[in-house]
Amino acid sequence: MTLMDTEHTTWTKQYINGSWVDGSGEKTMENINPYTGEVIATWRSSNKKDIDKAYESAQKNSIEWAKSLPAAKEEVLRKVSSLMVERKEEIIQLLITESGSTRIKSEAEFAAAKRIVDEAASFPYRMKGEIIPSNTPGKENRVVREPKGVIGVIGPWNFPLHLCLRSVAPAIALGNGVVIKPASDTPITAGWLIADLFEQAGLPEGVLNVVAGSGSEIGDYFVAHPVPKVISFTGSTEVGQGIGKLAGEHLKETALELGGNNAMVVLEDTDIERAAEAAVFGKFLHQGQICMALNRIIVHADIYDQFVESFVAKTKNVQAGDPADANTLVGPLIREKEVERLLELVDKTKAEGARLLLGGTSKGSVLSPTVLADVKPEQDIVQQELFGPVAVIMKAHDEQEAVRLANDTPYGLSGSVFTQDLNRGYQVAQRIESGMVHVNDQSVNDEAHVMFGGEKASGIGRFGGDWAIEKFTRTRWISIQHQYREYPGVK
């Protein structure tokens, strides 16, 4: 796919103050198709001057945007949603080409991103204040809700459109200015495409800006810049910790959705076929390159062998290869070095006594669906986020051990419990140290109106619905003294 296929010539430009301009940096960067290895396009990187201009633009132009009527904000969001529908096939093709997304995953990402925009369209009417009683005679206490100002959004490469819009759409709907720094692997779908949609939708110039460049060169400056009030980041825990530390030094708020080492607990009374089917989807969607993907499948000893047999049988039917093929579930990893990393880990785990039941081979950047059984808690593969199509199956002798194994990780993003006793499933879910747990479903779930976020090393803050409103607005106390107040000791 080339740029000409999209009929856009702006996919190599920075978007600053309503104009598409070349970056001011000296470095030329490449946008590479992870499946074919072909260069989609090259662009000139942004630098600190571009970031200054982008933040200054967002700050200046968000003042009038914040004052605009709720209906005006709603209209822009509704128009973005409509444009997404009109341009759906273009967007799907961009996701396939730029991020290696399969069509199955691209369709799911498109739907989730559109729901985010539709939900955000209601936010201008949901910014509610309060009148609170006072113990001072004649005083009226008003608690008002306002936009925070400018939000800096650092977009990821795995679900670039959805996870970037998850912050951008609510922030703009609530009256903020926004500057996006998209992942260098997906500058179009995590940045320029979003700017193009909002520009077409009539968002005033300068409210939204996009600066694309190397995180190692401009990342710290993007976070530490004095203008943004909140830094929203989705990505690895290691990078998130650095962002959190830097933001803390400058007294900035953060919204951090970080890594996960998510577990599915399969109890002995489970419908094995249903659980195995869910586990295959939760493990292999987008090649496992999802923060919510299943890293560990913990199965009760009484049904362990039957579950493993069913899981392997279903995995054998999973198609891997060309992400553009409508039947492909497992496409390419974002880079070939990720294949090498995972294969080394698989070999190490096998050498330590685990059984390799399927896979362990690759072709280019596509790693075949791989299944390891009899994995032990102390093995390296259990202790880290895999971000690839490698399934790890562990045995638990009872419910208590299953919960202990699920919690034996510094992460706590998402999780899953399978049982035919729904009350039991809920009770087990309550004991799992995770921001989100799904009973009789796999771990990859996201609904625009429901809170989304993790515990422990999986992040800080909540996205979605009312939680997004809370994150991207502030409250202030403004009191009005309706009658003269007497002050003791003053005449």
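In this predicted model, a good place to begin is leucine 83, which lies in helix H2, spanning residues 70-86. With a relative accessibility of 3%, leucine 83 counts as buried, because that value falls under 20%. Leaving aside neighbours within four places in sequence, leucine 83 is in contact with Leu197, Gln200 and Ala201. Leucine 83 and alanine 201 are 118 residues apart in sequence, yet their C-alpha atoms are 7.6 Å apart in space.

From here the view widens to the nonpolar cores. In soluble globular proteins, nonpolar side chains tend to be buried together. The largest nonpolar core here has 53 residues, and those with the most contacts inside it are Met84, Leu165, Val168, Phe198 and Leu208. Helix H5, residues 160-173, gives the most to this core, contributing eight residues. Phenylalanine 198 touches Val76, Leu77, Val80, Leu165, Val168, Ala169, Ile172, Leu203 and Leu208, when residues up to four places away in sequence are not counted. Another core, of 40 residues, lies apart from the largest one, and its members include Ala275, Phe311, Phe452 and Phe463.

Burial is also found for a glutamate. Glutamate 109 has its place in helix H4, residues 103-120, and counts as buried at 0% relative accessibility. A polar atom of the glutamate 109 side chain lies 2.9 Å from the backbone nitrogen of leucine 161. Beyond its neighbours within four places in sequence, glutamate 109 is in contact with Leu95, Ser101, Asn158, Phe159, Pro160, Leu161 and His162. One of these residues, phenylalanine 159, also has lysine 105 over the face of its ring, at 4.2 Å from the ring centre.

The aromatic rings offer another way into the structure, which holds six aromatic pairs. Tryptophan 43 and tryptophan 192 form an edge-to-face pair, with 5.6 Å from centre to centre and 90° between the planes. Tryptophan 43 lies in strand S4 (residues 39-44) and tryptophan 192 in helix H6 (residues 188-200), so this pair ties together parts that are 149 residues apart in sequence. Both partners are buried: tryptophan 43 has 3% relative accessibility, and tryptophan 192 has 0%. Phenylalanine 307 and phenylalanine 311, by contrast, form a stacked pair, at 6.0 Å centre to centre and 20° between the planes. These two phenylalanines are four residues apart in helix H10 (residues 304-316), and are therefore separated by about one helical turn. Phenylalanine 307 and phenylalanine 311 are both buried, and ring pairs link them with Phe284 into a cluster.

Turning to the strands, seven of them form an open sheet of mixed pairing, in the order S14-S17-S18-S13-S12-S20-S21. Strand S14 (355-358) and strand S21 (438-439) stand at the edges; each has a single partner strand, so one side of each is left without a neighbour in the sheet. Strand S12 (residues 262-266) and strand S13 (residues 294-300) run parallel and are joined by five bridges. Valine 266 has valine 299 in S13 as its bridge partner.

The loop between strand S17 (370-373) and strand S18 (390-396) holds glutamine 379. Glutamine 379 is buried, with a relative accessible area of 6%. Its contacts, residues up to four places away in sequence not counted, are with Thr349, Glu352 and Asp374. Finally, the charged end of lysine 395 sits over the ring of tyrosine 304, 4.8 Å from the ring's centre.

Note on methods: Residues are numbered from 1 along each chain as its sequence is written. This is a predicted model: local features need pLDDT of at least 70, side-chain atom pairs count only at pLDDT 80 or more; totals for chains, interfaces and linings use all residues. Side-chain values use heavy atoms; hydrogens and water are left out. A nonpolar core is a set of buried Ala, Val, Leu, Ile, Met, Phe, Trp, Tyr and Cys residues joined through side-chain atoms within 4.5 Å. Buried means under 20% relative accessible area, exposed over 50%, partly exposed in between (1.4 Å probe, protein chains only). Contact means heavy atoms within 4.5 Å. A polar contact is a pair of N or O atoms within 3.5 Å; within protein, one must be able to donate a hydrogen and the other to accept it, and residues adjacent in sequence count only if both atoms are side-chain atoms. Two strands pair if DSSP finds at least two bridges between them. Rings of Phe, Tyr and Trp (its six-membered ring) pair if their centres lie within 6.5 Å; planes under 30 degrees apart count as stacked, over 60 as edge-to-face and the rest as tilted. A charge sits over a ring if NZ of Lys or CZ of Arg is within 6 Å of the ring centre and within 35 degrees of the ring normal.
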